[in-house]
Amino acid sequence: MARPLTRAQQLENAAFLRALRRTGNIRLAARETGVKYGTIQHRRRAHPGFAQVWDATLALAQADFETQGGRAAPVAPRAAGEQGGEFGAAA
């Protein structure tokens, strides 16, 4: 059985799910929230409740994509103080 998530991890998960709902892209949502892709995938495997919410969120994002005629929702611009290039890596 997996360890319970800390408050910080729960907040990361919530931010990830918000980004996933907006983008419909797992890697992009992880990058935007600053959580490593492998870390978020591990949490998904270890916590079935999180996996269920993830699946539902992704389904809603995909449904939105389809109802918008296949056009992606606009992605929020980066904050002025954020560093990173095209792929989120520090220059």
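Contact here means heavy atoms within 4.5 Å. By that cut-off, 52% of the protein chain's contacts with a separation of 6 or more join residues 24 or more positions apart. Keep in mind that this is a predicted model.

**Whole chain**

Start with the protein chain in cartoon view. Four helices and zero strands appear. From the N terminus, the order of elements reads α-α-α-α. Switch to a surface. About 6500 Å² is exposed, and carbon and sulfur atoms supply 55% of that area. Of the 91 residues, 21% count as buried.

**The core**

Next, select Phe 16, Leu 17, Ala 19, Leu 20, Ala 29, Ala 30, Val 35, Ile 40, Phe 50, Trp 54 and Leu 58. These 11 residues form the largest nonpolar core. Colour by element: helix H1 (7-23), helix H2 (26-33) and helix H4 (48-67) each give two or more residues to this core. H1 provides the largest share, with four residues. In soluble globular proteins, nonpolar side chains tend to be buried together.

**Phe 16**

Centre on Phe 16 and hide its neighbours within four places in sequence. Which residues are then in contact with Phe 16? Show Ile 26, Ala 29, Ala 30, Thr 33, Ile 40, Phe 50 and Trp 54. Among them, Ala 29, Ala 30, Ile 40, Phe 50 and Trp 54 also belong to the core.

**H1 against H4**

Now show H1 and H4 alone. Their axes come within 8 Å and cross at roughly 20°. Angles under 35 degrees count as roughly parallel, so H1 and H4 are roughly parallel to each other. The crossing of H1 past H4 is right-handed. Add side chains for the contact. On the H1 side, pick Asn 13, Phe 16, Leu 17, Leu 20 and Arg 21. On the H4 side, pick Phe 50, Val 53, Trp 54, Thr 57, Leu 58, Leu 60, Ala 61 and Asp 64. Phe 16, Leu 17 and Leu 20 of H1 are in this contact and in the core. Phe 50, Trp 54 and Leu 58 of H4 likewise appear in the contact and in the core.

**Gln 41**

Last stop: Gln 41, in helix H3 (residues 37-46). Is Gln 41 buried or exposed? Its relative accessible area is 18%. Buried means under 20%, so Gln 41 is buried. Beyond its neighbours within four places in sequence, Gln 41 is in contact with Ile 26 and Trp 54. Select those two residues again: Ile 26 and Trp 54 are also in contact with Phe 16.

Note on methods:
Residues are numbered from 1 along each chain as its sequence is written. This is a predicted model: local features need pLDDT of at least 70, side-chain atom pairs count only at pLDDT 80 or more; totals for chains, interfaces and linings use all residues. Side-chain values use heavy atoms; hydrogens and water are left out. A nonpolar core is a set of buried Ala, Val, Leu, Ile, Met, Phe, Trp, Tyr and Cys residues joined through side-chain atoms within 4.5 Å. Buried means under 20% relative accessible area, exposed over 50%, partly exposed in between (1.4 Å probe, protein chains only). Accessible areas come from the Shrake-Rupley method with a 1.4 Å probe; for residues, only the protein chains shown count as cover. Axes are lines fitted to C-alpha atoms, for helices over the stretch in contact, and angles run from 0 to 180 degrees between N-to-C directions. Angles under 35 degrees count as roughly parallel, over 145 as roughly antiparallel, 65 to 115 as roughly perpendicular and the rest as oblique. A crossing is left-handed if the near helix is turned anticlockwise from the far one by less than a right angle, and right-handed if clockwise.
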